[in-house]
Amino acid sequence: MRDPGRTCVACRMVRPKSEMIRVARRADGSVYVDAGGKGDGRGAYVCDNPECVAAARKRGALGRQLRAGIPPEIYDALEGK
């Protein structure tokens with residue numbers, strides 16, 4: 001079975017879903033890191049490397065994609081992975 005491609009919000013590279021980290025926004029507006037990749041809500045993907053996480057934080061790319069404010073704890077969790 002083929003791994004579906006997803007686009008990183010920071011570098012815009014298409015990579016297999018298994019190499020990406022999904023961040024999602026639930027209907028109530030809460031934002032969380034979706035480690036399993038199948039959680040509910042609108043999702044955005046970022047590469048699993050520190051450069052892309054830093055670029056997404058600097059540009060506000062995750063917040064724009066999810067149409068929500070991203071708490072600093074989310075970026076801290078992404079950088080700690």
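The following questions and answers walk through a predicted model.

Biologist: How many residues of strand β3 are buried?
Modeller: Strand β3 covers residues 20-25. The strand is mostly covered. Of its 6 residues, the number buried is 5.

Biologist: Which strand is joined to β3 by 6 bridges?
Modeller: The two strands run antiparallel. One pairing along them is Ala24 with Gly43. The partner strand spans residues 42-47 and is β5.

Biologist: How many bridges join β3 to β4?
Modeller: Strand β4 spans residues 31-34 and runs antiparallel to β3. Val23 stands opposite Val33 there. The number of bridges is 4.

Biologist: Which residue in the hairpin of β3 and β4 takes a positive phi?
Modeller: The hairpin has 5 residues between its strands. One of the hairpin's residues has a phi near 95°. That residue is Gly29.

Biologist: Is Arg22 buried or exposed?
Modeller: Arg22 lies in strand β3. Its relative accessible area is 8%. The cut-off for buried is under 20%. Arg22 therefore counts as buried.

Biologist: Which side chain makes a polar contact of 2.6 Å with the side chain of Arg22?
Modeller: Arg22 touches several residues distant in sequence, among them Tyr32, Asp34 and Tyr45. Its side chain also has a polar atom 3.2 Å from the backbone oxygen of Gly39. The 2.6 Å contact is with the side chain of Asp34.

Biologist: What is the relative accessible area of Asp34?
Modeller: Asp34 lies in strand β4. Its contacts beyond four places in sequence are Arg22, Val23 and Gly39. Asp34 is buried, and its relative accessible area is 9%.

Biologist: Which residue's backbone nitrogen does the side chain of Asp34 reach at 3.1 Å?
Modeller: The Asp34 side chain has a polar atom 3.2 Å from the backbone nitrogen of Gly37. At 3.1 Å, the side chain reaches another backbone nitrogen. That nitrogen belongs to Lys38.

Biologist: How far apart in space are Lys38 and Arg22, C-alpha to C-alpha?
Modeller: Lys38 sits in the loop between β4 and β5. Lys38 counts as exposed, at 75% relative accessibility. In sequence, Lys38 and Arg22 are 16 residues apart. In space, their C-alpha separation is 8.7 Å.

Biologist: Why do the buried residues of α3 line one face of the helix?
Modeller: Helix α3 spans residues 72-80, and its buried residues are Ile74, Tyr75 and Leu78. Seen down the axis, these buried residues fall within a single arc, so they line one face. An α-helix has 3.6 residues a turn, so residues three or four places apart point the same way. The arc is 95°.

Biologist: Which residues are exposed on the other side of α3?
Modeller: The buried residues of α3 pack against β3, β4, β5, α1 and α2. The exposed residues lie on the other side of the helix. They are Glu73 and Gly80.

Biologist: Which element gives the most to the lining of the largest pocket?
Modeller: The largest pocket holds about 190 Å³ of space. It is lined by 13 residues, and those closest to its centre are Lys17, Met20, Ala35, Gly36 and Gly37. One element contributes 3 residues to the lining. That element is β3.

Biologist: What is the phi of Arg12?
Modeller: Most residues other than glycine have a negative phi. Arg12 has a positive one although it is not a glycine. Arg12 lies in the loop between β1 and β2, and it is exposed at 56% relative accessibility. Its phi is about 65°.

Biologist: Where does Arg67 lie?
Modeller: Arg67 also has a positive phi, near 55°, in a residue other than glycine. Its relative accessible area is 61%, so Arg67 is exposed. Its place is the loop between α2 and α3.

Key: Residues numbered from 1 in each chain as written. Predicted model: local features only at pLDDT ≥ 70, side-chain atom pairs only at ≥ 80, totals over all residues. Heavy atoms only, no water. Buried < 20%, exposed > 50% of the residue type's maximum accessible area, 1.4 Å probe, protein only. Pairing = 2+ DSSP bridges. Polar contact = N/O pair within 3.5 Å; in protein donor to acceptor, adjacent residues only side chain to side chain. Contact = heavy atoms within 4.5 Å. Arc of directions from axis to C-beta. 1 Å grid on protein atoms, 1.4 Å probe; cavity = no way out; pocket = protein on both sides within 12 Å on 5 of 7 lines; lining within 4 Å. Points joined across faces, edges and corners; volume = space filled by probe spheres on them.
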